[in-house]
Amino acid sequence: MDNQGPVWEVFLQKKAGQPFVHCGSLHAFDKEMALENARDLYTRRGEGCSIWVVPSNAIVASSPEDFGPFFEPSNDKVYRHPTFYQIPDAIGHM
Amino acid sequence: MEINKFEDVFEGKLAKNEMIEPKDWMPENYRKHLIRQISQHAHSEIIGMLPEGNWITRAPSLRAKVVLLAKVQDEGGHGLYLYTAAETLGVTRDELLNNLHTGKAKYSSIFNYPTLTWADIGAVGWLVDGAAIMNQVMLQRSSYGPYSRAMVRICKEESFHQRQGYEIMTHLAFGTNDQKEMAQDALNRWWYPTMMMFGPPDSESPNSENAVKWRIKRETNDQLRQRFVDQTVRQVEYLGLTVPDAHLKWNEAKNGYDFTEPNWVEFKNIISGNGPCNKERLAARNKAHDEGKWVREAAQVFAKKRSEVYEAA
């Protein structure tokens with residue numbers, strides 16, 4: 001008897017140039033309604049200048065159970081970080 | 001992994017103050033507790049629109065009217081944030097609404113009291129939203145991610161609610177004698193119901209222990225109630241009004257006020273459906289939902305039709 005429409009995830013950009021950040025979700029029957037609902041629900045006080053709405057079921061997410069094996073390959077690669085490298089003191093900040 | 005192992009991971013996260021997210025393993029009782037607490041919270045926001053909505057057409061000025069409209073709209077928004085947080089736990093919006101409409105789910109006892117005068121709108125914003133903020137500030141650090149995030153957003157918006165309420169009270173308390181009397185009358189009627197909002201005493205609160213253990217709540221009902229009284233008395237005194245409690249007294253030793261507990265028999269009566277406005281509130285909610293049925297149906301059909309046009313093109 002679901003008559004609230006499918007769930008959409010809402011992403012807001014606070015100011016031009018900033019990344020879009022997930023701010024919550026809502027129900028709507030189509031993308032126009034999702035966008036208008038997102039505006040009414042999540043930007044009542046100028047919280048954003050641009051909105052993305054995405055059907056929840058279109059989002060592919062990693063599983064917490066796979067956390068170890070999934071992210072492990074990057075954990076032992078300390079040489080990807082700048083602090084791995086020795087720079088002479090005379091050079092100062094680099 | 002066996003259940004024990006999952007449980008260790010879950011307990012480990014709580015011990016380290018880490019958040020639990022929707023896809024994480026969680027004990028069934030934790031999930032159930034959250035669904036109950038978050039949906040009750042959502043229902044309270046939605047039902048909470050009614051006592052204040054009652055005064056929108058009779059607000060004493062255009063300024064007061066736009067403020068009240070904005071506040072009631074916020075409450076609706078808060079309900080929606082919370083419903084979607086509850087839905088991340090695997091319950092549908094329809095189930096949640098159905099539980100509210102059939103009276104199966106509870107909402108805050110406070111909204112079963114009537115708003116009789118304009119001063120009640122001041123008292124509701126000041127006291128009821130004040131008490132809600134105290135609870136919600138704590139819930140910002142709740143262990144369940146989506147609930148905590150909804151609370152952060154809500155707390156940012158609530159501050160305006162309490163301030164507009166207190167502003168109404170100052171206008172009345174420093175106005176004519178009749179207005180001051182009206183303010184005192186509102187305080188008299190809302191003081192104890194507001195204290196009930198924190199829930200029954202810790203010794204009789206069936207859900208409190210787990211909620212604290214799981215870090216869903218960080219403080220107990222009694223702790224929050226004490227803080228509310230300590231914070232509010234000064235605000236009452238500023239208005240030149242009197243707390244309707246003959247036993248209210250500063251206790252130096254505990255660095256807080258001693259006060260009279262609300263009438264817990266009345267509280268139980270109200271949460272079991274027998275308060276002054278329970279029937280009226282549920283009837284109004286059901287009416288709004290039923291009368292919106294054709295809109296939902298039309299939107300559904302329209303969306304379907306339009307997607308067919310897209311596909312055909």
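## Confidence in the model

pLDDT is the predictor's confidence in each residue, on a scale from 0 to 100. This is a predicted model, so a quick look at the scores is a friendly place to start: local features need pLDDT of at least 70, side-chain atom pairs count only at pLDDT 80 or more, and totals for chains, interfaces and linings use all residues. Residues are numbered from 1 along each chain as its sequence is written, chains are lettered from A and ligands numbered from 1 in the order in which they are written, and side-chain values use heavy atoms, with hydrogens and water left out.

Chain B has a mean pLDDT of 94, with 99% of its residues at 70 or more. For chain A the average is 91, and 98% of the residues score at least 70. Within chain A, the lowest mean pLDDT among the elements belongs to helix 2 (80) and the highest to strand 3, residues 50-55 (98). Helices (H or I, at least four residues) and strands (E, at least two) are DSSP runs, numbered from the N terminus. The model as a whole scores ipTM 0.87 and pTM 0.92.

## Helix 6 of chain B

Helix 6 of chain B covers residues 118-139, and 20 of its 22 residues are buried. Buried here means under 20% relative accessible area, exposed means over 50%, and partly exposed lies in between (1.4 Å probe, protein chains only). The expected span of a helix is 1.5 Å times one less than its number of residues. For helix 6 of chain B that gives 32 Å, and the end C-alpha atoms are 31 Å apart, which agrees.

A kink of about 35° is centred on B:Val124 in this helix; the bend at a residue is the angle between axes fitted to the seven residues ending there and the seven starting there. At the N-terminal end, B:Thr117 acts as a cap, with a side-chain oxygen 3.2 Å from the backbone nitrogen of B:Ala119. A polar contact is a pair of N or O atoms within 3.5 Å; within protein, one must be able to donate a hydrogen and the other to accept it, and residues adjacent in sequence count only if both atoms are side-chain atoms.

## Two helical residues

B:Thr232 sits in helix 10 (residues 221-238) of chain B and is buried, at 2% relative accessible area. The side chain of B:Thr232 reaches the backbone oxygen of B:Phe228 at 2.6 Å.

B:Ala284 belongs to helix 12 (residues 278-291) of chain B. With a relative accessible area of 32%, B:Ala284 is partly exposed. Its C-alpha atom is separated by 31 Å from that of B:Leu224, 60 residues apart along the chain.

## Positive phi in two loops

B:Arg215 lies in the loop between helix 9 (208-213) and helix 10 of chain B. Its phi is near 60°, a positive value in a residue other than glycine, and B:Arg215 is partly exposed at 29% relative accessibility.

B:Asn255, in the loop between strand 1 (249-251) and strand 2 (256-258) of chain B, also is not a glycine and has a positive phi of about 55°. B:Asn255 counts as exposed, at 55% relative accessibility.
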